[in-house]
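User: I would like to learn how to read burial, contacts and record annotations in a protein model. Please take them one at a time.

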Amino acid sequence: MSRSALEEIAKTGAFVRTPSVFREFVSRDSNSRFPAQSGRYHLYVSYACPWASRCLAYLKIKGLDHAISFTSVKPVWGRTKETDEHMGWIFPASDAEEPDAEPDPINEALSIRALYELASANYSGKYTVPVLWDKKLKTIVNNESSEIIRMLNSEFDGIAENPTLDLYPPHLQPQINEVNDWIYDGINNGVYQCGFAKKQEPYAQAVEKLYEALDRCEEILGKQRYLCGDAITEADIRLFVTLIRFDEVYAVHFKCNKKLIREYPNLFNYTKDIFQTGGVGSTVNMEHIKKHYYGSHPSINPYGIVPHGPNIDFAAPHDRDRFS
C-alpha cells in the first residue's frame, strides 16, 4: 500500500488517491463510544494541506476552537523513522524551530506516522492529516476530512459558539452532494491528478477536466453569491481550500497554468469573500503552503526552490456583496 501521495501512481501514469482508513464518528449521543465533549479531542493538521485546512476552517467558522485543540506539523516533509526512508509529516523539536508549528503536546510523537502506529500497530497505509485524536481512548477517531467536517458541523453544536450555522442543511444536502462530487473530481483532486501525473495523456485529461470545472464554477458564481445559493455551505469551504492555493502553488508546481484564478472575476472575488468570512482567513498560512509543496516533492521540484510571488492580498475588497 502507498505511504504517501507521491506513490499513488497507476500503470497508466495517472494519480489515483487511496481512501482513508480510520472512519469512526463523534456523536452528540452521550452514550456513544466517541461522545462530543469539550476538551476530549485534538486535531492534528498541516496548514499546508487543503484537506486538513477544511477542518481548521470549520473550527473557526463554527466557533469550536475553544473546545477542540489542534497542533500543526512542520510544512516540509522529513524522515519519519530512522529505520527506513519514508518521508512525511513531522513535528518540530521545539516551539522555536518552525513558526506556527508545535511539538506534539498530547502524545509527544515525533511524526504523524507515530500517531498512526500508536493507534494501530499493524497499520500499513498512508500517514495523512487531518487526524482527529481521542485523548481519552488514545486513538485515532477519523482521518477523513469530509467526515470530520460533517461532525464539526452538527455533532458539537451543544458546545459550539456558533451552533445555528448549518453548513450542511437538510434541504440543500442533495445539491451540496452533487456539487461536491464534480468539484472533488475536477478541482480538489484534479489539481493533484495534474501535478502528480507521470505521462502526458493523464495530465492532459486531468487539466481539461480541471478547467471545465473551474469554468462551471465561474458561471454559477456569476449568478449567486455561493455555490448552492445565497448562504455559505460545506461546498464552498471544500472549494475554497483549493482556490486559495491555486495561483500561489498549483499554477506553477502542478502545471495548472492555462488560466489563473485571478483571471476569473467571479472566482477570484468569491475566494476573497470566503477568506474574509468567520475567521477562515486565519487558517490560511501561505508560508507553510508554499514551503510544503515546493519543498516536499523532489520528483517535481528537485532543488526545493520556492517562488517569490505572487503574494495575493485576499483581504482586499471584493464585489460579492452585490448578491446580498
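Analyst: We can start with one residue. The model is predicted, and in it Cys49 sits in the loop between β1 (41–45) and α1 (50–62).

User: Is Cys49 buried or exposed?

Analyst: The cut-off comes first: a residue is called buried when its relative accessible area is under 20%. Cys49 has 7% relative accessibility, so Cys49 counts as buried.

User: What is Cys49 in contact with, leaving aside its neighbours within four places in sequence?

Analyst: A contact here needs heavy atoms within 4.5 Å. On that basis Cys49 is in contact with Trp89, Val129 and Arg245.

User: Which residues does the UniProt annotation "active site" cover?

Analyst: That annotation, from an unreviewed entry, covers Cys49 and Tyr192. The two span 144 residues in sequence, yet their C-alpha atoms are no more than 12.0 Å apart, so they gather at one spot. Such annotations may be inferred rather than shown by experiment.

User: Where is Tyr192 placed, and is Tyr192 buried or exposed?

Analyst: Tyr192 belongs to helix α5 (residues 190–195). Its relative accessibility is 7%, so Tyr192 counts as buried.

User: How should I read a domain annotation against the model?

Analyst: Take the residue range from the record, then look at what the chain does over that range. The unreviewed UniProt entry gives "domain: GST C-terminal" for residues 169–293. Over residues 169–293 the chain is 66% helix and 0% strand, with its end C-alpha atoms 34 Å apart.

User: How many residues of α8 are buried?

Analyst: The helix α8 (265–275) is mostly covered, with 10 of its 11 residues buried. Among them are Leu267, Phe268, Thr271 and Phe275. The cover over the buried residues of α8 includes α6 and α7.

User: Do loops follow another pattern, or should I read them residue by residue?

Analyst: Read them residue by residue. Ile261 lies in the loop between α7 and α8, and at 2% relative accessibility Ile261 counts as buried. Beyond four places in sequence, Ile261 touches Leu214, Leu243, Phe246, Asp247, Leu267, Phe268 and Thr271. Leu214 is 47 residues from Ile261 along the chain, and their C-alpha atoms are separated by 8.7 Å.

User: Where does Thr233 lie, and what does Thr233 touch, not counting residues up to four places away in sequence?

Analyst: Thr233 is in the loop between α6 (200–220) and α7 (234–253). Its relative accessible area is 1%, so Thr233 is buried. With those sequence neighbours left out, Thr233 touches Leu167, Leu172, Ile176 and Cys228.

Key: Residues are numbered from 1 along each chain as its sequence is written. This is a predicted model: local features need pLDDT of at least 70, side-chain atom pairs count only at pLDDT 80 or more; totals for chains, interfaces and linings use all residues. Side-chain values use heavy atoms; hydrogens and water are left out. Helices (H or I, at least four residues) and strands (E, at least two) are DSSP runs, numbered from the N terminus. Buried means under 20% relative accessible area, exposed over 50%, partly exposed in between (1.4 Å probe, protein chains only).
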